[in-house]
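Me: I would like to learn how to read a model such as this one, going feature by feature. Could you take me through it slowly?

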2 protein chains.
Amino acid sequence: MLELRSLPATCATRRSESACTGCGARAFSVCGALEPADLARLDALAHKAAFAPGEALMREGETADAMFNITSGSVRVYKLLPDGRRQITGFLFAGDFLGLVSGARYGFSAEAIEPTTACRFRKTEYQALVRDCPALERALFERATHELAAAQNQLLLLGRKTAQERIASFLLDLPAHDPMRETPAGHVRLPMTRTEIADYLGLTIETVSRALTKLKTTGVIRLLSLNELRIEQPERLRALTEGDA
Amino acid sequence: MLELRSLPATCATRRSESACTGCGARAFSVCGALEPADLARLDALAHKAAFAPGEALMREGETADAMFNITSGSVRVYKLLPDGRRQITGFLFAGDFLGLVSGARYGFSAEAIEPTTACRFRKTEYQALVRDCPALERALFERATHELAAAQNQLLLLGRKTAQERIASFLLDLPAHDPMRETPAGHVRLPMTRTEIADYLGLTIETVSRALTKLKTTGVIRLLSLNELRIEQPERLRALTEGDA
DNA sequence: CGAGCAGTTGATTTTTATCAAGTAGCGTGG
DNA sequence: CCACGCTACTTGATAAAAATCAACTGCTCG
């Protein structure tokens with residue numbers, strides 16, 4: 001399992017890279033580190049794919065034979081318990097990488113939230129390329145390390161933060177996950193439902209709703225629509241992130 | 001941040017490797033993938049270090065200039081909130097690797113639980129070696145991917161499992177983390193305190209205690225001492241892991 | 001226009017945290 | 001060797017946070 005997300009440092013690069021290719025392989029953010037020749041080989045391996053909302057890119061337990069580079073839209077990655085409880089482990093956006101696993105099978109499922117496009121790579125072909133392109137491997141490794149740091153932050157959130165703190169953290173972190181989308185500062189787009197937010201934050205839909213309502217009533221945020229809001233008081237939201245009630 | 005843990009597949013290798021060196025670099029589980037020449041270079045870079053219980057190997061926010069290979073003992077890795085709430089993100093044991101971070105600073109703290117020995121590597125020297133030793137880099141990457149999968153399991157645990165389920169999962173998973181220690185099947189050593197277990201599972205010490213007591217009263221486990229127990233009914237414990245009350 | 005979701009809000013229950021005593025093990029010093 | 005005191009742990013009573021149950025609202029799309 002591996003979801004590689006955007007590095008703030010490379011956002012500018014990524015935007016320009018992604019603009020100059022039809023296939024979308026270049027939207028993958030490690031491309032800045034690649035020689036043109038390697039980039040061309042990567043492009044040659046990419047197969048375009050489109051997914052409707054709810055459609056699965058992969059399912060937990062399936063043979064892990066494909067990897068994806070998300071080129072537009074958004075994806076939920078999750079694990080299930082036998083009784084149906086779901087933990088969403090991450091949301092992926094354009095530029096994110098999905099599907100590297102250490103074992104033979106996927107350890108998670110991934111589904112499109114919105115209409116989503118992606119480049120699919122056959123695992124074997126991709127591995128061959130990685131094997132003789134150290135720059136690519138190094139970049140992937142760097143992203144994996146970033147992912148681990150993000151995962152640790154999420155462990156802190158799930159293990160030790162209150163509902164209000166989780167929501168505040170979520171609203172502040174979400175825009176950073178989707179840096180290829182140009183949005184005015186303080187503007188947050190929520191492509192996912194309340195249920196998905198709840199399953200990401202380890203809460204119920206009602207608790208998410210109440211926490212958002214409270215942020216709205218106290219003037220910290222303003223709801224522009226169900227799926228769009230503005231952070232009116234970023235510093236207060238940041239304070240709420242770590243318990244300064 | 002990166003904690004590389006043991007791969008079941010390589011346990012046998014690791015035990016023999018670790019037995020044949022004084023420095024302990026070879027206890028690091030990727031060694032199986034290395035040429036003798038590279039292994040010697042790795043050994044040459046290692047500095048032995050010993051840590052008393054409670055002593056810090058690294059602190060969140062410090063410049064990340066060292067990396068460690070744990071050779072004996074155990075370590076807690078954690079993050080703190082400003083008000084002191086702690087989330088332990090992992091326990092490390094002999095063979096585990098610690099300290100690879102993507103940024104310039106550590107994103108977590110690490111302290112010895114028991115008397116612990118480790119090999120310290122200067123980050124710059126280590127990186128130079130990794131750079132011209134693709135086998136080492138590949139092995140590290142593989143381990144990072146494993147760590148990400150483990151982190152996703154922990155997200156599921158913290159976000160969606162009950163206290164009882166968390167304890168059951170913990171007791172079943174713990175022995176696998178310390179595979180270099182030969183223990184009879186069903187025997188679990190708890191080098192950490194109840195407080196540390198609580199901070200790892202997102203619970204309080206009282207809840208941990210009650211959950212263990214319940215497992216004891218129902219005959220699923222037997223407490224041999226405070227820090228040692230026997231799993232009497234592994235299949236019932238496994239069922240408790242995912243909600244089959 | 002109406003059906004059906006998705007979301008909000010309110011009442012109540014449940015789980016877990018918090019507060020408050022105990023108890024057990026262990027090292028120290030008498 | 002035992003008493004002491006410390007710390008870690010357990011157990012019990014109560015409180016708080018979040019889940020659950022239950023309407024209800026409002027939006028979207030046939």
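Me: Let me begin with a single pair of residues: which residue in S12(B) is the bridge partner of Arg189(B)?

Reply: The partner of Arg189(B) in S12(B) is Glu228(B), and please keep in mind throughout that this is a predicted model. That bridge belongs to the pairing of S10(B) with strand S12 (residues 228–231) of chain B, which runs in the antiparallel sense over three bridges.

Me: How do I go from one pair of strands to the sheet, and in what order do the strands of this sheet lie?

Reply: One follows the pairings from strand to strand. Here three strands of chain B form an open sheet in the order S10-S12-S11, with antiparallel pairing. Strand S10 (187–189) and strand S11 (221–225) of chain B each have a single partner strand and therefore stand at the edges, so that one side of each has no neighbour in the sheet. Between neighbouring strands of this sheet the turn is 25° on average, when direction is ignored.

Me: Let me try the same reading on chain A. Which strands stand at the edges of the open sheet of four strands there, and what is its order?

Reply: The order in chain A is S3-S8-S5-S6, again an open sheet with antiparallel pairing. Its edge strands are strand S3 (56–58) and strand S6 (86–93) of chain A, each of which pairs on one side only. From one strand to the next the twist averages 30°. If you look at the S3(A) end, S3(A) pairs with strand S8 (residues 109–112) of chain A in the antiparallel sense over two bridges, and within S8(A) the bridge partner of Ala56(A) is Glu111(A). A helix of the other chain also packs on this sheet, since H4(B) touches strand S5 (74–80) and S6 of chain A, and the direction of H4(B) makes about 125° with that of S6(A).

Me: That brings me to the two protein chains. How many residues of chain B are in contact with chain A, and which element supplies the largest share?

Reply: For an interface, one counts the residues on each side and then asks which elements they come from. In this model 36 residues of chain B are in contact with 36 residues of chain A. On the chain B side, strand S6 (86–93) and helix H4 (134–160) each supply at least two residues, and the largest share, 19 residues, comes from H4(B). Sorted by class, that side of chain B has 17 nonpolar, 11 polar and eight charged residues.

Me: When two helices pack, how should I describe them, and at what angle do H6(B) and H7(B) pack?

Reply: One gives the separation of the axes, the angle, and the residues that meet. For H6(B) and H7(B) the axes are 8 Å apart and the angle is about 100°, which makes H6(B) roughly perpendicular to H7(B). On the H6(B) side the contact has Arg194(B), Thr195(B), Ile197(B), Ala198(B) and Leu201(B), which meet Ile205(B), Thr207(B), Val208(B) and Ser209(B) in H7(B). The residues of this contact divide into five nonpolar, three polar and one charged.

Me: And in chain A, how do the axes of H5(A) and H8(A) cross?

Reply: The axes of helix H5 (residues 163–177) and helix H8 (residues 234–241) of chain A come within 7 Å and cross at roughly 130°, and that makes H5(A) oblique to H8(A). The crossing is left-handed. Among the residues of H5(A) that meet H8(A) are Ala168(A) and Leu172(A), while the H8(A) side includes Leu237(A) and Arg238(A).

Me: Finally, the DNA. Which residues come nearest to DNA strand D, and which are closest to DNA strand C?

Reply: Here one lists the surrounding residues for each strand and then names the elements behind them. Around DNA strand D there are 16 residues, of which Thr162(A), Thr207(A), Thr193(B), Ser209(B) and Thr213(B) come nearest. Helix H7 (205–217) of chain A, together with helix H6 (194–201) and helix H7 (205–217) of chain B, are the elements that give two or more residues to that surface, and H7(B) gives the most, with six residues. By class this surface has five nonpolar, seven polar and four charged residues. Around DNA strand C there are 16 residues, the closest being Thr193(A), Ser209(A), Thr213(A), Thr162(B) and Thr207(B). The surface near DNA strand C receives the most from H7(A), which gives six residues.

Technical notes. Residues numbered from 1 in each chain as written. Chains lettered and ligands numbered in written order. Predicted model: local features only at pLDDT ≥ 70, side-chain atom pairs only at ≥ 80, totals over all residues. Near = placed C-beta within 6 Å. Nonpolar A, V, L, I, M, F, W, Y, C, P; charged D, E, K, R; others polar. Contact = placed C-beta atoms within 7 Å. Axes fitted to C-alpha atoms, helices over the stretch in contact; angles between N-to-C directions. Parallel < 35°, antiparallel > 145°, perpendicular 65-115°, else oblique. Left-handed = near helix turned anticlockwise from the far one by under 90°. Pairing = 2+ DSSP bridges.
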